[in-house]
Structure formats: structure tokens, C-alpha cells
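Work through the exercises below with the model open. Each task is followed by its solution.

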Amino acid sequence: MTPGLRYFPGFLALEAQRQLVETLREAVAEAPLVTPVMPRTARPFTVRMTNLGPLGWVSDRAGYRYQATHPVTGRPFPPIPEQLISIWRGVSGYPHDPQACLVNFYGGGAKMGLHRDGDEEDFSAPVLSVSLGDTAIFRMGGPERGGKTETLKLASGDVLVMGGQSRLCYHGIDRVLTGTSTLLKDGGRINLTLRRVTIP
Ligand code: MD3
Ligand code: FE
């Protein structure tokens with residue numbers, strides 16, 4: 001495994017997962033999921049997204065960036081749930097709280113191409129991911145595009161921490177295995193990524 005990548009399978013018990021989904025339902029009612037588009041081409045993502053916390057990651061014709069307000073409602077994003085902050089404090093090993101929680105929703109057929117997370121200023125902070133709902137095939141590569149890759153199944157309740165060298169490695173979601181979880185009423189997968197954006 002890539003140095004700096006830490007995997008915690010089944011980190012969240014079922015009750016904790018249910019509690020988080022309930023909190024997310026309320027947050028998404030306030031800050032609805034949007035279908036982002038790729039810069040320049042305006043090609044839509046298959047993943048729908050929203051954010052929690054003081055900053056949110058958005059993609060539109062103009063580019064990728066972090067901003068303080070929801071791209072459709074113009075309102076600030078709801079706060080990052082305490083449950084997530086406490087996971088971050090417990091496993092990130094980073095002395096400052098996360099500033100952004102990107103919420104990715106994968107419905108039928110959604111995937112995410114191989115990419116690097118490069119829109120943050122602070123690469124010394126890890127990225128922490130929490131998976132909920134259907135299992136995903138996650139692909140992890142190295143620091144260069146075209147290098148060798150390996151896959152890992154991410155199931156509901158799994159936590160992944162990308163620190164050190166893994167922080168700038170290529171990664172993506174090949175596909176989601178429909179019907180592998182009953183956590184979400186209408187199926188699908190939610191991935192939450194907690195991030196630091198600015199230098200402390
Ligand atoms: C490895 N999300 O939002 S989470 C993303 O499941 C993203 O929705 C995927 O990639 C998802 O940017 C993967 C696991 C993950 C997140 C960030 C990483 C792996 C990472 C950053 C660097 C290396
Ligand atoms: Fe990513």
C-alpha cells in the first residue's frame with residue numbers, strides 16, 4: 001500500500017452510520033446536491049455533490065475552487081457534523097480541524113475518473129474519507145498519471161486516511177456495486193471527504 005495511506009475497515013458501527021445519514025438528510029435539505037460540470041467543456045459529472053463546513057469544493061465552467069457559499073442557493077454551507085469532526089480528531093493526526101467536507105453522492109452508474117486532489121493550499125494535512133451505503137471499487141495509483149494502480153473495495157462505515165505521500169496520488173472510483181447495502185433507502189453511495197484547505 002502507498003506510504004501514508006491508512007485504511008480502517010468497518011470504522012463506523014451501523015448505529016453511527018445511521019445517525020450520520022440522518023444528519024446528512026437534514027444538511028442536504030439545506031444545501032441541495034448539485035450536478036457539477038467540468039471546467040471549459042461543461043460536461044456533467046455523474047456524481048452529485050454538496051458541501052458542509054466553512055469552505056466547499058465546486059466545479060463549474062470557470063474552474064475548480066473552494067468557496068464559502070453554495071453554488072445554487074448562495075447560502076453558507078451547513079456545519080460539519082460533530083460526529084465527523086471527532087473522527088478527524090481521532091485519526092487524522094493533524095492538529096487543526098477540517099475546513100471542508102465534500103459530500104459525493106453516487107447513484108446508479110456514477111463513477112469518478114482518476115484524478116489528484118490539488119485545489120488545497122495545505123498538502124501537509126491528510127484527506128479523510130468516510131464511505132456510506134453501497135460498496136465502491138476504489139482505484140489508487142501513484143504520483144504520476146499512467147503509473148501502476150491497485151483497487152480496494154470501500155464498504156459502508158469504512159474510513160480511509162490519505163496522508164504523507166499518498167496525499168498527492170492519483171485515485172478514483174471505478175464503479176459502485178448496486179444493492180450491496182441497505183443503509184440508504186433508495187440505494188447508492190455517499191462519500192464524505194474531510195479536508196484542510198488553507199495553511200493554518
Ligand atoms: C487519495 N472521492 O472527492 S474518497 C474526491 O469515493 C474523491 O468519492 C472519492 O476522490 C470518493 O476527491 C474517493 C478517497 C480519497 C479521497 C481523497 C484522496 C482518496 C484519496 C486524496 C489523495 C489520495
Ligand atoms: Fe479525490
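**Exercise 1.** What percentage of the contacts in the chain with a separation of 6 or more comes from residues 24 or more positions apart?

Solution. The model is predicted: local features need pLDDT of at least 70, side-chain atom pairs count only at pLDDT 80 or more, and totals for chains, interfaces and linings use all residues. Residues are numbered from 1 along each chain, chains are lettered from A and ligands numbered from 1 in the order written, and side-chain values use heavy atoms, without hydrogens and water. Take a contact as heavy atoms within 4.5 Å. The share is then 74%.

**Exercise 2.** Determine the order of the secondary structure elements and judge the compactness of the chain.

Solution. Assign helices (H or I, at least four residues) and strands (E, at least two) as DSSP runs, numbered from the N terminus. This gives two helices and 12 strands, in the order β-α-β-β-β-α-β-β-β-β-β-β-β-β. The radius of gyration is 16 Å, close to the 16 Å of the globule rule for 200 residues, so the chain is as compact as a globular protein of that length. The radius is taken over C-alpha atoms, and the rule is 2.2 Å times the number of residues to the power 0.38.

**Exercise 3.** Which residues coordinate the iron ion (ligand 2), and is D117 buried or exposed?

Solution. Count as donors N, O and S atoms within 2.8 Å of the metal (3.2 Å for Na, K and Ca); water is not among the atoms, so sites may look incomplete. The donors are H115 (NE2), D117 (OD) and H171 (NE2), at 2.0 to 2.2 Å. Their spacing along the chain is H-x1-D-x53-H. For accessibility, buried means under 20% relative accessible area, exposed over 50%, and partly exposed in between (1.4 Å probe, protein chains only). D117 is buried at 11%, whereas H115 is partly exposed at 22%.
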